[in-house]
Amino acid sequence: MKRDLMDILACPVCKSPLELTVEKEEQDEIVIGSLLCRKCPETYPITDSIPNLLPPQLRNA
Amino acid sequence: MPRPRSRRPSTPLERYAADYDAWFEAPPGALQFPGEVDALRLLLRDLPRPWLEVGAGTGHFGSLLGADLGLDPSRAMLRRAWERGLPVVQGAGERLPFGDASFGGAFMITTLCFLSDPERALLEAHRTLRPDGGLLVADVLADRPWGLHYREQGRQGHPLYRYAQFHTLREMEELLGKAGFRVTRRACSVIQPPDRVREEERGWWGVGHTASFAALLSVRRES
C-alpha cells in the first residue's frame, strides 16, 4: 500500500485513526508492516503490500 | 420478495477467484461484460473523486472504470486485482475501514447480492461518502432471465451463486432509500436471455423490462 492511504484509513470497528509501522518498504510501496488502533486496541497486518483490515472476528474466517 | 437473511458476516469467496475470473474471459460473460461496463460508464461521468469499489473482487470492473481503491474480504481475489494495477485493501463492506466522508464515489458492482448484510454495507457507504458524493449500485435482477438462471444454478450447488441473494429492482431501490440514498439515474444491460447470447451487449439509459442487469446512481438524501 501507498503511504497516502493513511489519509483515509480508519479502524473497521471504532473508526479511529490508525498508527502505521513499516517493516519493509520498496520504492513507494509498503510491503510489510502493521496498523494499530490504540482505542480498541487492535493491530492490523500489512503483508505482500495489502493491508488486512477485516474486523478481527473475520480475519481467520 | 422478503426472505430471511443471516446476520453472519459475508463469506469471502476465497477459493473461487479463478472461477470468478473465468466469467469475464469466455462467452457469455465475455459478451456481457462490455455491456455492463458501458452502462456503468453512462452513470459515472460526473462523479467526484476519489472512487472506492466495494467488493472489487479480481478488479476487472474497478481497473477498467478507473477506481482509485478496491476493497474485498478475499485475499485471493485482491491479489489478482492488485496485479491489475488497482490499489486494494482487504476488508468487509459492512465494516468499512475508512473515515467519514473519505470518497466522492463508491461502487458496488454485483456485490449487493453477495453481502450478508446489505443494509449495513449501504449505511457504511453513506458514512464514507462526501455530501456531494454518489453511490453506484449495479446487480443482476432476481426476477429477470439471468437472475432466474443464476438462482437455479445456485440451487444446484454452483460454487459462487449458491452464496448469492439477488434482489428485484424494487428491492434494490428500497434498500437504497432505507440507507438514506435517493436514486437519480438508471442504466441497464444484458438484454439477451441465457439461451440466446449471440452478440456483445451495450449499455442503455433506464432499466427496460428485458434487461437482467441494472445500474443505479444515488446521491445522499439531505437528512
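These notebook entries record what I looked up in a predicted model of two chains, A and B.

**Conventions.** I worked from a predicted model in which local features need pLDDT of at least 70 and side-chain atom pairs count only at pLDDT 80 or more, whereas totals for chains, interfaces and linings use all residues. Residues are numbered from 1 along each chain as its sequence is written, chains are lettered from A and ligands numbered from 1 in the order in which they are written, and side-chain values use heavy atoms, with hydrogens and water left out.

**Entry 1: the interface.** I began with the contact (heavy atoms within 4.5 Å), which takes 19 residues from chain A and 22 residues from chain B. The two chains bury about 1,700 Å² between them, 63% of it on carbon and sulfur atoms; buried area here is the accessible area (1.4 Å probe) that two parts lose on being put together, summed over both. Ile8(A), Lys15(A) and Ile50(A) supply 34% of the area that chain A buries against chain B, more than any other three residues.

I then looked for salt bridges (a side-chain nitrogen of Lys or Arg within 4 Å of a carboxyl oxygen of Asp or Glu). One is found across the interface of chain A and chain B. Glu124(B) and Lys15(A) meet in a salt bridge at 2.6 Å, N to O.

**Entry 2: salt bridges within chain A.** Over all chains I noted 13 salt bridges. Glu25(A) and Arg3(A) meet at 3.0 Å, N to O. This pair joins strand β1 (residues 19–26), where Glu25(A) lies, to the segment before β1, which holds Arg3(A), 22 residues apart; strands (E, at least two residues) and helices (H or I, at least four) are DSSP runs numbered from the N terminus. For accessibility I used buried for under 20% relative accessible area, exposed for over 50% and partly exposed in between (1.4 Å probe, protein chains only). Glu25(A) is partly exposed at 35%, and Arg3(A) is partly exposed at 45%.

Arg38(A) pairs with Glu19(A), their closest N and O atoms being 2.4 Å apart. Arg38(A) sits in the loop between β2 (29–37) and β3 (42–47), and Glu19(A) in strand β1, 19 residues apart. Arg38(A) is exposed at 61%, whereas Glu19(A) is partly exposed at 36%.

**Entry 3: aromatic rings.** I counted rings of Phe, Tyr and Trp (its six-membered ring) as paired if their centres lie within 6.5 Å, with planes under 30 degrees apart stacked, over 60 edge-to-face and the rest tilted. The structure holds 10 aromatic pairs over all chains. Phe24(B) and Phe61(B) form an edge-to-face pair, 5.8 Å centre to centre with 75 degrees between the planes. Phe24(B) lies in helix α1 (residues 17–25) and Phe61(B) in helix α3 (residues 60–65) of chain B, so the pair ties together parts that are 37 residues apart in sequence. Both Phe24(B) and Phe61(B) are buried, and they form one aromatic cluster with Trp23(B) and Phe33(B).

**Entry 4: Gly93(B).** I located Gly93(B) in the loop between β3 (88–90) and β4 (103–109) of chain B. Gly93(B) is buried, at 5% relative accessible area. Leaving aside residues up to four places away in sequence, Gly93(B) touches Val54(B), Leu71(B), Ala121(B) and Glu124(B). That last residue, Glu124(B), is the salt-bridge partner of Lys15(A) from Entry 1.
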